[in-house]
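Hi,

Here is the structure I promised to pass on, with my notes underneath. Have a look at it first and then read on.

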Amino acid sequence: MYYIYILFSQKTNRYYIGSTDDLARRLKHHNAGPTPSTKGGAPVWEIRYTETVPDRTAALKREYEIKKKKSRNYIEWLIQKRD
């Protein structure tokens, strides 16, 4: 099982979209600061949205679909839809 996730950092007021097979490990990694694209928002990234998919291929495909929209409105719509 893989997860597509959306993180949010209040520090930078930014969202980050990614995928992983271990959500807890990945969040810890982002908050530790070594990932260049999330380093500025560390250590306050929080999970705002998740989806589960059966495998890595499906996860990467869905992650790309979300990123391709390049829309904060779409991301916030996804989050609202889940709540």
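Arg48 is partly exposed, at 29% relative accessibility. In this predicted model, Arg48 forms a salt bridge with Glu46, and their closest N and O atoms are 2.8 Å apart. Glu46 is partly exposed as well, with a relative accessible area of 33%. The class runs from 20% to 50%, so both 29% for Arg48 and 33% for Glu46 fall inside it.

How many salt bridges are there in the count? It comes to seven. Another of them links Glu76 and Arg72, with 3.0 Å between the closest N and O atoms. Why are these two separated by about one helical turn? Glu76 and Arg72 are four residues apart in helix H3, which accounts for that separation of about one helical turn. Each of the two counts as partly exposed: Glu76 has 28% relative accessibility, and Arg72 has 36%. Elsewhere, salt bridges with shared partners tie Asp21, Asp22 and Arg25 into one network. Within that network, the side chains of Asp22 and Arg25 meet at 3.8 Å, N to O. Asp22 is partly exposed, with a relative accessible area of 32%, and so is Arg25, where the value is 45%.

Now for the sheet. Three strands make up an open sheet in the order S2-S1-S3, and the pairing is antiparallel. Which strands lie at the edges? They are strand S2 (14-20) and strand S3 (45-53), each of which pairs on one side only. Ignoring direction, neighbouring strands of the sheet are turned by 20 degrees against each other on average. Glu46 and Arg48, the salt-bridge pair I began with, both fall within the residue range of S3.

Strand S1 (residues 2-9) runs antiparallel to S3, and eight bridges join the two. One example to find on screen is Tyr2, whose bridge partner in S3 is Val53. On its other side, S1 pairs with S2 over seven bridges, again in the antiparallel sense. Here you can look for Leu7, which has Tyr16 as its bridge partner in S2. Is S1 largely enclosed or largely open? Six of its eight residues are buried, so S1 is largely enclosed by the rest of the structure. The hairpin of S1 and S2 has four residues between the strands, and Asn13 in this hairpin takes a positive phi near 55 degrees.

Last come two of the helices. Helix H2 (residues 56-69) packs against helix H3 (residues 72-82) at an angle of about 130 degrees, and their axes are 7 Å apart. An angle over 145 degrees would count as roughly antiparallel, and 65 to 115 as roughly perpendicular; H2 and H3 are therefore oblique to each other. Which residues meet there? From H2 come Arg62, Ile66 and Lys69, and from H3 come Tyr74, Ile75 and Leu78. By type, the residues of this contact divide into four nonpolar and two charged, with no polar ones. The charged pair is Arg62 and Lys69, while Ile66, Tyr74, Ile75 and Leu78 are the nonpolar residues.

Write back if you would like to go through any of this together.

Best wishes

Definitions and conventions
Residues are numbered from 1 along each chain as its sequence is written. This is a predicted model: local features need pLDDT of at least 70, side-chain atom pairs count only at pLDDT 80 or more; totals for chains, interfaces and linings use all residues. Side-chain values use heavy atoms; hydrogens and water are left out. Axes are lines fitted to C-alpha atoms, for helices over the stretch in contact, and angles run from 0 to 180 degrees between N-to-C directions. Angles under 35 degrees count as roughly parallel, over 145 as roughly antiparallel, 65 to 115 as roughly perpendicular and the rest as oblique. Contact means heavy atoms within 4.5 Å. A salt bridge is a side-chain nitrogen of Lys or Arg within 4 Å of a carboxyl oxygen of Asp or Glu. Buried means under 20% relative accessible area, exposed over 50%, partly exposed in between (1.4 Å probe, protein chains only). Two strands pair if DSSP finds at least two bridges between them.
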